[in-house]
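Visitor: Could you walk me through this structure, with care over the terms?

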Amino acid sequence: MSENNVVVALVYAGGWNSKLVKMTQTLSITSECIRHSQRLVDSPPNKLTADTYVKECVEVAAELKEYGVEYKVFRMKELQENGMGCLEGVGRASIEHSGEPAMVILSRRAPNSSSTEAAKTVTFVGKGIVFDTGGLSLKPKEGMCEMKMDMGGSAACLYAFRAAVLLKYPGNINVVMCIAENGIGPTALKPDDIIKSYSGKTIEINNPDAEGRLVLADGVSYAARDLKSGVIVDMATLTGAQMVATGQRHGAVISNDRETENKLFTAGLQSGDLTWPLPYCPEFFRAEFASRVADMKNSVANRANAQPSCAAQFIADHLPADYQGSWAHIDMAGAAMKDGRSTGYGVALLVQYLGLGV
């Protein structure tokens with residue numbers, strides 16, 4: 001047996017039945033997807049580049065084609081044509097060695113679904129920064145180690161989507177992967193640059209190291225506008241402040257909908273991927289991004305004012321003004337790694353949230 005294999009034997013007392021068969025299948029598929037997520041997060045950045053990450057997404061889509069999964073890939077040309085200036089801006093300095101930034105969308109429409117069922121459509125949006133130098137706001141050497149894990153949210157989203165399809169989730173489901181490397185170079189985003197997001201809003205860059213919220217801004221905007229999602233859950237290793245707020249084991253949840261917040265909290269208890277809610281309060285946090293020359297800045301004025309909630313608010317501000325659906329942001333910066341290795345956090349949480357867990 002390969003040393004990379006993990007085998008768990010389940011012994012049932014009282015006989016085998018259809019309920020146990022389903023439970024075993026759920027555990028097997030979910031654990032396999034957790035391992036795939038861990039493999040991605042643990043991959044060194046010279047191996048998991050933007051290009052190779054896009055390739056993995058396409059391979060997952062090909063594997064799931066028989067289940068009705070379709071996919072789209074937007075690279076630099078399409079990002080520019082579509083006006084996705086946030087994702088394009090973050091990744092443009094790393095094209096030579098990592099590959100062009102990309103948005104990859106995998107979709108599975110439920111059998112016999114109609115266009116009127118948008119409220120049932122769930123979309124996961126993942127931050128896929130394959131390595132984060134901090135850009136021109138360069139991280140110190142101690143802070144740059146393990147930044148290969150900055151795509152952990154997207155890895156969880158990708159493989160939770162795979163698990164949901166294999167476990168026959170009954171509704172429409174999508175995953176939006178926002179993939180880039182936040183590098184340095186002549187074309188890197190500079191403080192004082194102004195870029196335009198897919199939402200149409202302009203953003204004054206005051207911190208190139210606040211790049212995760214930028215790529216997610218384009219991602220959630222696409223999920224709402226183009227995928228007509230009734231529920232959007234974005235997941236990211238977004239802020240160091242999350243670890244101060246909720247620690248190393250609990251992901252922070254910020255949501256515009258109490259029911260969604262409660263479901264994610266309960267799913268955390270049931271799955272072991274623990275969560276804890278933080279304030280959603282646009283009237284208090286939106287002003288942190290005020291700009292004199294653009295619609296907003298990309299980083300806060302006051303770093304002592306609930307940074308995880310502020311960062312989430314930045315993302316939420318790129319949803320359409322008339323968006324009536326539910327949105328939740330999961331900041332899992334602390335929970336993504338333990339002792340230098342991936343925990344696989346997020347896969348089981350999202351599977352349980354969808355009602356597919358044991």
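Guide: What follows is a set of questions and answers on helices, a strand and two loops. This is a predicted model, in which local features need pLDDT of at least 70, side-chain atom pairs count only at pLDDT 80 or more, and totals for chains, interfaces and linings use all residues. Residues are numbered from 1 along each chain as its sequence is written, and side-chain values use heavy atoms, with hydrogens and water left out.

Visitor: Which residues in α2 are buried?
Guide: Helices here are DSSP runs of H or I with at least four residues, strands are runs of E with at least two, and both are numbered from the N terminus. Buried means under 20% relative accessible area, exposed over 50%, and partly exposed in between, with a 1.4 Å probe and protein chains only. By that rule the buried residues of α2 are Ala50, Tyr53, Val54, Glu56, Cys57, Val60 and Ala61.

Visitor: Why are they placed on the same side of α2?
Guide: An α-helix has 3.6 residues a turn, so residues three or four places apart point the same way. The face turned away from the buried side of α2 carries the exposed residues Lys55 and Ala62. Taking the arc from the directions between the helix axis and the C-beta atoms, the buried residues are on the same side of α2 because they cover an arc of only 155°.

Visitor: At what angle do α8 and α12 pack?
Guide: Contact means heavy atoms within 4.5 Å, and by it Arg213, Leu214, Leu216, Ala217 and Val220 in α8 meet Ala311, Phe314 and Ile315 in α12. Axes are lines fitted to C-alpha atoms, for helices over the stretch in contact, and angles run from 0 to 180 degrees between N-to-C directions. On this basis the axes of α8 (residues 212–225) and α12 (residues 307–316) are 8 Å apart, and the helices pack at an angle of about 40°.

Visitor: Is Lys297 buried or partly exposed?
Guide: Lys297 belongs to strand β10 (residues 296–297), and beyond its neighbours within four places in sequence it is in contact with residues including Ile203, Glu204 and Phe314. The C-alpha atoms of Lys297 and Glu204 are 4.5 Å apart, although 93 residues separate the two along the chain. With a relative accessible area of 26%, Lys297 is partly exposed.

Visitor: What is the relative accessible area of Asp192?
Guide: Asp192 lies in the loop between β4 (173–182) and β5 (194–196), and its phi is near 90°, a positive value in a residue other than glycine. Asp192 counts as exposed, because its relative accessible area is 62%.
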